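Biologist: Hello! Could you walk me through how two chains meet here, and explain the terms as we go?

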Amino acid sequence: MSDSLTREEVLHVARLARIKLTEEEIEKYSHQLKTLMDDVDKIKEVKLNSEERVITPTEEVTVCREDVAGEMLDPEEIMINVPNSNGNFVEVPVMIDE
Amino acid sequence: MSKYLDLGIKELHNKLVNKEIKPKDLVLEAFERIEANQDLNAFITLDKEGAIKRAEELENVESDSLYYGIPIAIKDNIVTKGLRTTCASHILDNFYPIYDATIIETIKNNNMIIIGKTNMDEFAMGSTSQTSYFGAPKNPWNKTKVSGGSSGGSAVCVSAGLVPFALGSDTGGSIRQPSSYCGIVGMKPTYGRVSRYGLIAFGSSLDQIGPMTKTVYDNALLLNLISGHDDKDLTSSRKPVDDYTRLIGKPIDGLKIGVPKFFMSEIVSDEVKSKVEEIIKLLEDNGAQIEYIDIDYIENAVTLYQIIAMGEASSNLARFDGIKYGFSKKDPEGIDDLYESTRGEGFGEEVKRRIMVGSYLLSGDNAKIYYNKALQIRNGIRESFLKAFEKYDLIIGPNATTTAYNLGEGLDDPLKTFLDDILVIPVNMAGLPGMNVPIGFGKDKLPIGLQIIGDEFEEAKMYQLASFIEEKLNLDLDPFKEVK
Amino acid sequence: MYTKTIGIEIHVELKTNTKIYSNSINGYGKTANSNVNVVDLGYPGTLPTLNDAVIRTALKAAIILNCDINKRMHFDRKNYFYPDLPKGYQITQAETPIGVNGYVDIDVNGETKRIRIHDIHIEEDTCKSIHYKHHSFLDFNRAGVPLVEIVTEADMHSAEEAMAYVEKLRELFLYADISDCKIEEGSMRCDVNISISKTDELGVRAEIKNIGSISSVGKAINREAARQEELLENGKEVTFATYRYDEKKDETIMMRVKEAGNDYRYFPEPDIPFVELDDEIIKEVTESIPMLASERRKIYVQRGISELNANKIIQNRDISDYLNNFLDTDINLVQASNLLLGDISAYLNKEEKSIFNTKLDTNKFIDVVNKLDKGEINSKVFKDILVDLMEKEDSVDEIISSKGIKIISDPEELKKIVLTILENNQNSVNDYKNGNERAIKFLMGQIMKETKGSANPELVNKLLEEELKK
């Protein structure tokens, strides 16, 4: 078994995570990602004593909120942190496959 | 140099009420100390102007709260309105939140004064704070050693007495482990005890905010302040808040304490093991009953943590896309480039590694093979701990397998950071409270800490044991003693 | 001969005051980015809350669709990157939808057919985006608007069945106050999956997204089926892909090829603990369901309203609700429904008003229907007083007299007029006596003309018949 991912495999997970990698990073991660992936494979050997899951470690059940409106932001306040805004809108490069 | 900040919250409160000192005196003292110790790199952002202004305003405010005028340092993954909050990441290095975390509202309502935002691992991913975009903080006991992480900046800040009261967050040991390395008291409360609203999520089902202080008593006082239900966090508990100081100073005879065998196995260094054994002896001599126990799946906790924390993180960090806030790739070639370049340039190495592996672990059939199974084993750990607590009042062991190690060590080993946390992760898996109390020093006078684990919402009992140890050992925990 | 196999996914926006996971206002017609808070923007550190009205409304929908209810449910994250998705994931329900295994009965060509519902689940809407040249513009007002998605089994086999299903669902949800179901405005969105096959084995399906109207659902299905048939007949294959339907060109246009197993990296949402639906809330919600369309239709027909008119009433929820006020009174319901569908609807449409925003209260309506029924006024008078009925507080009698309209119901006075008319129209009288019954209509008309429409028509008719038979 190889101790590295192929270039394609690295690029595939990078694409899943929407992360652009430099050539240097692809090289570095091909080994590191494989190390991590192999390590978590240990879980396959673990025998279960129950099918029950913990999604979040609390006994609380959700208590719903009443359907009453609260405070909202001014569009200007929103735009403070928006890298590219246009009037009241948030601007992005054109979205494909709408 | 004045030394008011060596006092506890109660003493400071009395002096503030008597008008012997003013909040501004404490703020100025904190900044004196911070400026004299800039090499520790404990803070990412300081708010000197804001803190002084607030301190001056408080001169005309009734000192009705115990916390009035007390300075506090906040880990930089807790959002503060108008005060830069970076998560130690390039992607947020110019981010000014437009709202306050619930606990920040509480702190402000109680007239505490925020001094600044402490250094940490980027997005809390790491065990040494070395993944910070702003460089690693240094351990005050030995500046060539790591502070631990991810709440390294808060641990350094408290240990060095810059600001002796701080908040950290703990996803897989990030309060307890640096507290152990830096010789301070750190509490990760029961999952749901403290609101997470405004804590920038890493692993949502694991994250919890907690206090980091010099003393057990101050720690309990801070937990009193920040605990409680929050309508904005559905996972926050509706259980009434305890007075966490109520058992401090009470005798420990009759307490039943379990020690997981795994915690004292060969994974722990000899000096740490023998120090913990000394404590076990001390407790037995004082009437506590100690038994060695087994916790199911405890040896699998790191694997579960890798899967659950990286999986949740890959989803939690998807929102950083250069569209609504934060760093954004200039003039992207298109929408894909906006995403990929913003995230490629904005995130550091460790964060990218974890997001990629997390995405992989949730993709296709992997979600079932890894993630779902991890949730099932997680239930096994939690059940086993809860069962142990039917018999034992508390569980103890070390927090870290060694004392603080050299800066620069292990950065390229993707597994090291997880293995550093092998003893602290099980608590997050089970949702239980866990804390660190200093119990002595190893070679080169580096601190060693004891981990105390409680049943759900039994933090008061943990403080009881911690305060007993604190009082009995009466350690000198000033890292600069010899220097001064 | 190819058989069409059709499954439908419908997204419906729920009628609530606030969004699903935050307490900002549910309404996106206004100024861009004005109904938004930090939760809707996916700000770092924010967490979802859960709107009680969303749970109740979705539960109502699940009950109406005859679903088994998941009494302990959680939410799931559907992870994908798209600028209209602020958190980079959508909080939806994958493992434990609120309702599963339901059904809807539809009527097509006089036959009832059962369409099985695979599931109904709760989720959040995305931002609205506008595209202009090289940029898209995002409005987060729609982000977090509550939706339910209803997924059928592939149980439909014709355009007519598909249209009947969509219409039925729209009618159900409209009448249960779940959504305003405006397809054109996007509060109800239909995605149709269609394949064709000559055998029992299903063909490769195409998904047609976001079809703009119910009639387009039918057209798109027929168009796409024809396209697929042509491909197969020419030995080509259908591509597993997503299409949109261009109404003007009557054409399905490919948007993107579906990747095998779209990788949404689902996992259970850790920020929302289990939601428990106990018997009490199920009972409460069940009891809150108003009379639905099918039951209304049945009652209307039983009460003598034609099936055509009953359907017309159902199509206008306000009119139906208004009419239902009188189900327990003894007014002539046919007369009432004719008024509501005729002159009253014309007025309401012209004024763009709801009948509930007029001055025509129930007492006034009963009065005016009875007057028409007894012949105290005729339809011409009704037309004359309509605007005042709708816009003035005055009683029917007050309005009639203020208009200067006098209803002549005095037999003596009317008899004089009748006799004068008969005298002046001997030809018509002779016609009638020679068996031309229609002549009486002409005479009646002459009397109305003479009295400017104010004669009690029933009485005139009676008097005319009496006099002519002498």
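Biologist: What makes β2 of chain A and β9(C) a strand pair?

Modeller: Happy to explain, and please keep in mind that this is a predicted model. Strand β2 of chain A covers residues 89-93, and four bridges join this strand to β9(C). Pairing needs at least two bridges, so with four bridges the two strands count as a pair. They run antiparallel, and A:Val92 stands opposite C:Ser136.

Biologist: Why is the link between A:Arg53 and C:Glu95 called a salt bridge?

Modeller: The closest N and O atoms of A:Arg53 and C:Glu95 are 2.7 Å apart. The cut-off for an Arg nitrogen and a Glu carboxyl oxygen is within 4 Å, so this pair qualifies as a salt bridge. Between chain C and chain A the count is one salt bridge. Polar contacts also cross this interface, with 24 residue pairs found.

Biologist: Which elements of chain C give two or more residues to the side that touches chain A?

Modeller: They are α1, β8, β9, β14 and β16 of chain C. The largest share, five residues, comes from β9(C). By class, that side of chain C has 25 nonpolar, 19 polar and 12 charged residues.

Biologist: How do you know how big an interface is?

Modeller: Its size is often given as the accessible area lost when the parts come together. Here chain C and chain A bury about 3800 Å² between them, 60% of it on carbon and sulfur atoms. The contact takes 56 residues from chain C and 36 residues from chain A.

How values were computed: Residues numbered from 1 in each chain as written. Chains lettered and ligands numbered in written order. Predicted model: local features only at pLDDT ≥ 70, side-chain atom pairs only at ≥ 80, totals over all residues. Heavy atoms only, no water. Contact = heavy atoms within 4.5 Å. Buried area = accessible area lost by both parts, 1.4 Å probe. Salt bridge = Lys/Arg side-chain N within 4 Å of Asp/Glu carboxyl O. Polar contact = N/O pair within 3.5 Å; in protein donor to acceptor, adjacent residues only side chain to side chain. Nonpolar A, V, L, I, M, F, W, Y, C, P; charged D, E, K, R; others polar.
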